[in-house]
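Here's a quick tour of how some aromatic side chains sit together. Have a look at the structure first, then read on.

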Amino acid sequence: MNAIIAFALRMRALMAALFVVVMIGGVTAFIQLNIEAYPDPVPPLVDIVTQNPGQSAEEIERYITIPIEVGVATAPYLNAMRTISLFGLSDVKLQFTYDLTYEEAEQKVLNRLSQLPALQNQAQPTISPWSPTGEIYRYQLVGPPGYSVMDLKTLQDWVLARRFRAVPGVIDVTGWGGKTKTFEIQIDRDKLVAYGLTLPQVLQTLTNSNINVGGNTVNIGQQSAVVRGVGLIRSMTDIRNTMLTAANGTPVFLSDIAEIVVGNKPRLGITGRDEQDDIVQGIVLMRRGQQSLPTIRRVEAEVEKINTSGILPPGVHIERIYDRSDLISLTTHTVLFNLVFGMILVFFVQWIFLGDLRSALIVSSTIPFALFFAMIILVLRGESANLLSVGAIDFGLIVDATVIMVENIFRHLAEGAPLNGAAEAAAPAGLRGKLATIFRAATEVNRAIFFSAAIIIVGFIPLFTLSGVEGHIFSPMAKTYAYALAGALLATFTVVPAFSAFLLHERVRETETIIVGILRRIYTPLVEFAVAHRIMALAAAGLLLALALVSVRFLGLEFLPHLEEGNLWIRATMPPSISLEEGNDFVNRMRLVIRNFPEVETVVSQQGRPDDGTDATGFFNAEFFAPLKPEK
């Protein structure tokens, strides 16, 4: 380390340039750094969703849930299985150990699902795209006056869902609310009997008529043309004109025995917002492991493109309800506040105790250097930061080595004693006078600095050895600490000696500040009393230790640090047998009650579940999302 310190003192301008480069690179890295609110501690979780409309919960359990449970129970590294059977829906959640990645766990589940025997009514299990940290964007599809929720739902399912799924980082889009359009055939049984037809015949004829068939090729001159029969139904007119049979040479069409009308599938859930009792909402889900902020930016760009390029009909547009960038911005603000506040606090503490402005500036410069150095490493390694990993860094640990070196340099310069011939000769070539004094002072504390760094590193070894949920939560923090500590040591042995040579005078005066004087007057008699009454001092220390151990039982515990996003998520549970329509009346009234609070910006209600079954609940469940207005 002596050679590094000597090099830094000779190349002082280069060290200053290194500081500037790290500052510029750190700012650039901070802009590119993916910041999450919290780490995702959930182990690989695979959610199997199977829908079988019309079946009771008991039948779903017997014919779908239990066969799936049996089929996937032998999957390796399976840690827990949780299932729920509702009307028309089976949900099987499989939690694996951390020995597998999510992709590996998903593949093992798919392998076993492919070996299942056919389920009742040919129900097909699917893997839910939902994940604990997947929801990143919510929007409402708004139409002009008179535009029905059925038309909006059609646009959501056939236009928007396809476009959002094509956005990099997005795995799926869940549509909430609205009515799914259907074409209903209302058959007149008297006419059906009069023409000698049966219901299975009508269904089979419709099925056979709604297909395209391929033929062969026919040569036309030098060209070869493909022959095919086009029979796909494209409109209600095609349905009406489907021929069922012939009576006395006269064709019988479907319109002769039935009326074709536009209807909708049975609704599984209803979404409302403020005074609107029925809206269409979309929830964009991020692929597991992707970075939130870049994905949100791509989704926002796609929303802007959809709203401005005429993809939707006139008057129809997407209106943002929520996106995770609000939470990320809050997290970023918290981190920046901690960084700036910590740097200012260290600066003033150093200034107050040492009484020298320039030495305080030198010590404080280590904080941005170390943190920006850590951010550069995080970006280069493709890692993310979060409130826990960056916001919880202890600046006292970061500047510990710098404080030791700067105070020793300041003491040597304050003593002002010139180096004797032997000491002067021992300094490397080119280091004379103040530079030799700084070199001698810096090299004196090398061992102390490494010893203190070793103690800090030993204290973090348990964090590196954690596994499971604890490892996923604290491992990013331990890594960030390690990167910042490495940056602090680099600054201590390179930038700090160079800055000391630039900023500190060859003769400085060490003065006792008012704060230090007061503390010394309090501390000196206490030390004298403790030395004179050693047994009493040790007994008092033991008593304090015992009180501290007892107080641990009453100490509050938090799983994660507090972060106030400014949103409310309210859940209401109604009687299990309540109908969708009756429950929706209560939901609308509750939503208006919440909306009347002046602090609430808007309220979105969700009753039941979406059509894809990814939220396993029933008509009895209602949830309200209420973002609050910003504090003034």
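## Aromatic contacts

Tyr139 comes out at 0% relative accessibility, so this residue counts as buried. Keep in mind that we're looking at a predicted model. Tyr139 pairs up with Phe164, and the two rings sit tilted to one another. Where do Tyr139 and Phe164 lie? Tyr139 belongs to strand S6 (residues 135-142), while Phe164 is part of helix H5 (residues 149-165), so their pair ties together parts that are 25 residues apart in sequence. Phe164 is tucked away too: its relative accessible area is 0%, which makes it buried.

Now for the wider picture: the structure holds 10 aromatic pairs. One of them joins Tyr137 and Tyr139, again with a tilted arrangement. Tyr137 has 4% relative accessibility, and because buried means under 20%, Tyr137 counts as buried.

Here are the two tilted pairs that involve Tyr139:

| Pair | Centre to centre | Angle between the planes |
|---|---|---|
| Tyr137 and Tyr139 | 6.4 Å | 40 degrees |
| Tyr139 and Phe164 | 5.3 Å | 40 degrees |

Elsewhere, Phe19, Phe369 and Phe499 come together as one aromatic cluster.

There's also a charge to look at. Which residue lies over the face of Tyr102? That's Arg288, at 4.2 Å from the ring centre.

Notes. Residues numbered from 1 in each chain as written. Predicted model: local features only at pLDDT ≥ 70, side-chain atom pairs only at ≥ 80, totals over all residues. Heavy atoms only, no water. Phe/Tyr/Trp six-rings, centres within 6.5 Å; stacked < 30°, edge-to-face > 60°. Buried < 20%, exposed > 50% of the residue type's maximum accessible area, 1.4 Å probe, protein only. Helix = DSSP H or I, 4+ residues; strand = E, 2+ residues; numbered from the N terminus. Lys NZ or Arg CZ within 6 Å of the ring centre and 35° of its normal.
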